[in-house]
Amino acid sequence: MPSQIAPATLEGWYALHQMFSIDWPMGSRAGGFAEQAAELFEQLTAAASGGWSEAVRLVGAGGADFMFIHFRPTLEELAEVQRTIATSEVGRAMTLTFEYLSVTEAGLYHATAEAAKAADPGSEEFRAKIAEASAAEAASAHVRSRLYPEVPEGMRYVSFYPMTKRRAVEQNWYALDVRERSRLMREHGMTGRRYAGRIFQVITGSVGLDDWEWGVTLFARDPLDFKRIVTEMRYDEASAVYGEFGRFFTGIRFAPREWGAMLGAA
Ligand code: 76R
């Protein structure tokens, strides 16, 4: 029996990606500003309740100069981060040009497909199987590292883009049987695994939260690995046939103490 059902998902931290352009005369003026930015990020980076914030210097982002990435356990904490930045001295020198809200997500395609093979979706047995698989996945280190990602040290380069799976006649991801979606995601994962140690991906779901369906945040040691992996994935069916992409933002992470250098401040 065909199963056009949603995969079970697990969620972790909420994510906010913010793009800002800076008023350069204000931002690069000597004294004060870079210190304040450093202080602000020292404070944001060490989120007491969990999560973290990172500043990224954007390159070629059409007028945006910086991307701030924030992960926090609750929407309320993200709202606080947003206000802290907006009302800071630093926030006053910057204009928000784009923002994206999502939540870290692990899609349990394989477990959902297996459960759909064994039991009728909607049945009590199906629900029990999904609950059992979800609990096991939620406890695994692999899944936890996707839901509560660590800042990948040594991976200085960042790429962020929102994406959606296509819904067109004959090319509708959501009309596929979950077993077919599971197969395509396995193929996708195999390509991804070839980049182990070179690319770290954070997948955040945004259906019902923002305009696209996922946010893709990639970290790399070599920016050319973004080009390589995204090119390679374009040939995987999941991306070739069903992927639709938003704008790409590429940049370089930097530590709070590097604000002075980033601003070219004396
Ligand atoms: O094995 C696993 O636990 C994870 C398998 C996996 C999932 C479920 C995986 C692996 N991804 C998953 C989900 Mn991914 N990913 C992207 C992009 O540019 C493109 O064509 C697509 C952008 C990249 C570059 C990438 C990299 N992935 C997703 C989803 C959610 C889809 C859904 O639920 O329907 C999206 C939108 C997405 C997009 N993926 C990997 C990678 C890499 C490097 C891996 C291997 C990582 C690892 O093994 O930890």
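Tutor: Before we place A55, we need a definition: strands are DSSP runs of at least two residues, marked E and numbered from the N terminus. Please also keep in mind that the structure above is a predicted model.

Student: In which strand is the place of A55?
Tutor: Another residue helps us here, since S53 has its place in the strand that covers residues 52-61. The strand that holds S53 is numbered 2, and A55 is likewise placed in strand 2.

Student: Does A55 count as buried or exposed?
Tutor: The test is the relative accessible area, and a residue is called buried when this value is under 20%. For A55 the relative accessibility is 2%, and for S53 the relative accessible area is 1%. Both values are under the cut-off, so S53 is buried, and A55 counts as buried.

Student: How far apart are the C-alpha atoms of A55 and K227?
Tutor: Distance along the chain and distance in space have to be kept apart, as S53 and H17 show, being 36 residues apart in sequence and 9.7 Å apart in space, C-alpha to C-alpha. A55 and K227 are 172 residues apart along the chain, and their C-alpha atoms are separated by 22 Å.

Student: What is the geometry at the site of the manganese atom of the ligand, with its six donor atoms?
Tutor: The protein residues that coordinate this atom are H188, through NE2, and Q201, through OE1, at 2.2 to 2.5 Å. In general, the ideal angles for six octahedral donors are 90 or 180 degrees. The angles among the six donor atoms run here from 72 to 180°, and the site is classed as octahedral.

Student: How many residues apart are H188 and Q201, the pair that links distant parts of the chain?
Tutor: H188 belongs to helix 8, which covers residues 178-193, while Q201 belongs to strand 8, which covers residues 199-205. Along the chain, the distance between H188 and Q201 is 13 residues.

Student: Which description fits Q201, with its relative accessible area of 26%?
Tutor: Here the cut-offs matter, because buried means under 20%, exposed means over 50%, and partly exposed lies in between. H188, at 19% relative accessibility, therefore counts as buried. Q201 has a value of 26%, which means that Q201 is partly exposed.

Student: How do helix 8 and helix 9 run, roughly, with respect to each other?
Tutor: Helix 9 covers residues 224-234, and its axis comes within 10 Å of the axis of helix 8, with a crossing at roughly 155°. Angles over 145 degrees count as roughly antiparallel, and therefore helix 8 and helix 9 are roughly antiparallel.

Student: What is the handedness of the crossing of helix 5 and helix 8?
Tutor: The axes of helix 5 and helix 8 come within 9 Å and cross at roughly 150°, which makes helix 5 roughly antiparallel to helix 8. The crossing of helix 8 and helix 9 is right-handed, whereas the crossing of helix 5 and helix 8 is left-handed.

Student: At about what angle do helix 5 and helix 6 pack?
Tutor: Helix 5 covers residues 109-118 and helix 6 covers residues 124-139, and their crossing is described as right-handed. The axes of helix 5 and helix 6 are 9 Å apart, and the packing angle is about 155°.

Student: What is the relative accessible area of E170?
Tutor: E170 lies in the loop between strand 6 (167-168) and strand 7 (171-172). Most residues other than glycine have a negative phi. The phi of E170, however, is positive, near 70°. E170 is also exposed, because its relative accessible area is 76%.

Student: Which residue has a side chain that is joined to the side chain of T74 by a polar contact of 2.5 Å?
Tutor: T74 sits in the loop between strand 3 (64-72) and helix 3 (75-86), and T74 is partly exposed, with a relative accessible area of 28%. The C-alpha atom of T74 is separated by 7.0 Å from that of W13, 61 residues apart along the chain. The side-chain contact of 2.5 Å, in turn, joins T74 to E77.

Student: How far does the backbone oxygen of W212 lie from a polar atom of the side chain of S206?
Tutor: S206 is placed in the loop between strand 8 and strand 9 (214-220), and at 0% relative accessibility S206 counts as buried. From a polar atom of the S206 side chain to the backbone oxygen of W212, the distance is 3.0 Å.

Note on methods. Residues are numbered from 1 along each chain as its sequence is written. This is a predicted model: local features need pLDDT of at least 70, side-chain atom pairs count only at pLDDT 80 or more; totals for chains, interfaces and linings use all residues. Side-chain values use heavy atoms; hydrogens and water are left out. Donors are N, O and S atoms within 2.8 Å of the metal (3.2 Å for Na, K and Ca); water is not among the atoms, so sites may look incomplete. Four donors count as tetrahedral if all angles lie between 85 and 135 degrees; four count as square planar and six as octahedral if opposite donors are over 155 degrees apart and all others between 65 and 115; anything else is irregular. Helices (H or I, at least four residues) and strands (E, at least two) are DSSP runs, numbered from the N terminus. Buried means under 20% relative accessible area, exposed over 50%, partly exposed in between (1.4 Å probe, protein chains only). A polar contact is a pair of N or O atoms within 3.5 Å; within protein, one must be able to donate a hydrogen and the other to accept it, and residues adjacent in sequence count only if both atoms are side-chain atoms. Axes are lines fitted to C-alpha atoms, for helices over the stretch in contact, and angles run from 0 to 180 degrees between N-to-C directions. A crossing is left-handed if the near helix is turned anticlockwise from the far one by less than a right angle, and right-handed if clockwise. Angles under 35 degrees count as roughly parallel, over 145 as roughly antiparallel, 65 to 115 as roughly perpendicular and the rest as oblique.
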